[in-house]
Amino acid sequence: MRWVVVIAGVLAFALVTPSPALAAPPPYYPPIEYVPAARANYDVGRSAAITAIVIHETDGTWLSATNWFKNPRARVSSHYLVRAWDGGIMQFVAEGDTAYHARAANPWSIGIEHEYDPRHAIPHTIAQYKSSALLVCAIAQRYGIPTDRAHIIGHNEVPGTDHSDPGPTWNWSYYMSLVNACSWQRAQPVARAALRTVENHGYVPVAGLRFDNVSDEALLLQWDLAYLGFMDVDEVASGGSRFGPLTAEAVTAFQLSQVLPLTGSYDDLTVGAMVRALLAVPAELPVNELTMDAESDEVARLQTVLGELGYMDAVTGYYGEMTMDAVTRFQKDNGIYATGSYGAITRMALAARARPTVAGASAGEEFAMERVGLVALRILPY
């Protein structure tokens with residue numbers, strides 16, 4: 001009889017104890033601490049597929065939010081909470097269960113709360129944005145959720161909501177630049193591979209680009225050609241990174257100007273000539289990559305050019321949110337994958353926009369192009 005009582009007690013405990021949220025989360029998830037929400041604050045299971053991620057603000061401290069989700073009388077919860085000062089992540093509800101965070105959106109979304117309490121001087125921080133973006137990227141990869149603003153939404157954007165969070169201090173532009181930088185879609189093995197450049201000349205792509213190639217290298221080549229005056233900057237900005245007829249035409253014109261074989265392909269001889277041509281008229285922009293929290297004279301040089309192009313109005317030497325936003329807007333305006341970070345493609349696009357007529361095709365080159373029948377190709381895309 002004693003054993004019957006013991007077993008009954010164990011079974012009763014098992015019935016009221018929540019199961020672990022993620023006993024073995026995928027390896028690409030950031031570190032997460034699990035603290036179960038009260039069982040009354042969520043439903044077990046889902047009634048719809050997970051297709052969106054909802055961003056929330058707590059309007060209170062980390063501790064108050066944690067206690068509220070653990071309170072069975074709250075009838076409120078979220079899957080995750082991201083701390084402000086260090087970006088620590090706590091999970092309260094399993095992704096496979098339905099948290100009570102956004103009413104009508106509960107069945108098909110995952111809710112992420114962000115500690116934010118201006119009354120106690122707790123703002124959003126870079127650490128919080130970065131940590132949350134990594135979590136969103138991991139969730140998106142797990143469920144195949146597109147990493148765009150149609151699927152990553154604020155609580156205030158949920159149909160039928162009466163909530164206003166996240167408020168105006170939430171930096172959507174910066175946040176989405178972080179999400180896009182780590183996006184599972186960006187990492188897919190499609191035509192766009194890792195950027196390959198000539199050693200010690202990170203603004204020149206390696207040889208091997210040919211007609212119909214679609215890649216970051218093709219886009220970098222196009223901006224190099226635009227800087228040298230062989231392509232129109234607006235055509236490059238809207239060209240889609242494809243080595244099409246206009247790129248072949250520009251490469252041929254460049255080869256003609258350098259007295260090279262007119263192959264129209266980006267071969268070893270053309271690479272060497274491209275390096276020499278760019279070194280002859282160097283762009284007044286940093287060569288090294290720059291990203292958030294960098295602080296140097298190179299950042300100041302970047303900010304100066306962004307200011308000349310109307311994207312920012314201060315030169316601080318610090319790569320903060322203001323610079324990140326400016327770079328992101330420039331990238332979006334010029335057909336560059338918007339990460340908010342400064343790299344080879346952004347460098348040459350800025351150089352081409354800031355100094356659009358450096359070398360250019362001369363009238364004699366235009367005449368020579370007509371002789372080889374290339375001008376007619378201007379009517380074709382890219």
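Here a biologist and a modeller talk through a predicted model, asking what stands behind the words used for it.

Biologist: Let's start with the sheet. What makes β1 and β8 the edge strands?

Modeller: Look at the strand order, β1-β5-β4-β7-β3-β8, in an open sheet of 6 strands with mixed pairing. β1 (33-34) and β8 (152-154) each pair on one side only, and that makes them the edges.

Biologist: How do you know that β4 and β5 pair?

Modeller: Two strands count as paired if there are at least two bridges between them. β4 (residues 80-82) and β5 (residues 89-91) have 3 bridges, in the antiparallel sense. You can spot Val82 standing opposite Ile89 of β5.

Biologist: And what lies on that sheet?

Modeller: Helix α3 (residues 126-143) packs on it, touching β3 (52-57), β4, β5, β7 and β8. Its direction makes about 170° with that of β7. Helix α2 (residues 62-70) lies across β4, β5 and β7 (109-114), and runs at about 170° to β4.

Biologist: Why do you say the buried residues of α2 line one face of the helix?

Modeller: First, the residues themselves: Trp62, Ala65, Thr66 and Phe69 are buried in α2. Looking down the axis of α2, the buried residues fall within an arc of 100°, so they line one face. They pack against β4, β5 and β7.

Biologist: Now the helix pair. Why are α5 and α11 called roughly parallel?

Modeller: The axes of α5 (residues 216-228) and α11 (residues 344-354) cross at roughly 25°. Angles under 35 degrees count as roughly parallel, and therefore α5 and α11 get that label. The axes come within 8 Å, and α5 passes α11 in a left-handed crossing.

Biologist: Which residues of α5 meet α11?

Modeller: Among them are Leu219, Leu220, Trp223 and Tyr227 in α5. On the α11 side, the residues they meet include Ile345, Met348 and Ala352.

Biologist: Over to β9 and β10. What joins these two strands?

Modeller: 2 bridges join β9 (residues 197-198) to β10, and the strands run antiparallel. The cut-off for pairing is at least two bridges, so β9 and β10 count as a pair. Thr197 stands opposite Pro205 in β10. The two strands form a hairpin with 2 residues between them, and Asn200 in the turn has a positive phi of about 70°.

Biologist: Why is β10 described as largely enclosed?

Modeller: Buried means under 20% relative accessible area. In β10 (residues 201-205), 4 of the 5 residues are buried, so the strand is largely enclosed by the rest of the structure.

Definitions and conventions: Residues are numbered from 1 along each chain as its sequence is written. This is a predicted model: local features need pLDDT of at least 70, side-chain atom pairs count only at pLDDT 80 or more; totals for chains, interfaces and linings use all residues. Side-chain values use heavy atoms; hydrogens and water are left out. Contact means heavy atoms within 4.5 Å. Axes are lines fitted to C-alpha atoms, for helices over the stretch in contact, and angles run from 0 to 180 degrees between N-to-C directions. Buried means under 20% relative accessible area, exposed over 50%, partly exposed in between (1.4 Å probe, protein chains only). The arc is that of the directions from the helix axis to the C-beta atoms. Angles under 35 degrees count as roughly parallel, over 145 as roughly antiparallel, 65 to 115 as roughly perpendicular and the rest as oblique. A crossing is left-handed if the near helix is turned anticlockwise from the far one by less than a right angle, and right-handed if clockwise.
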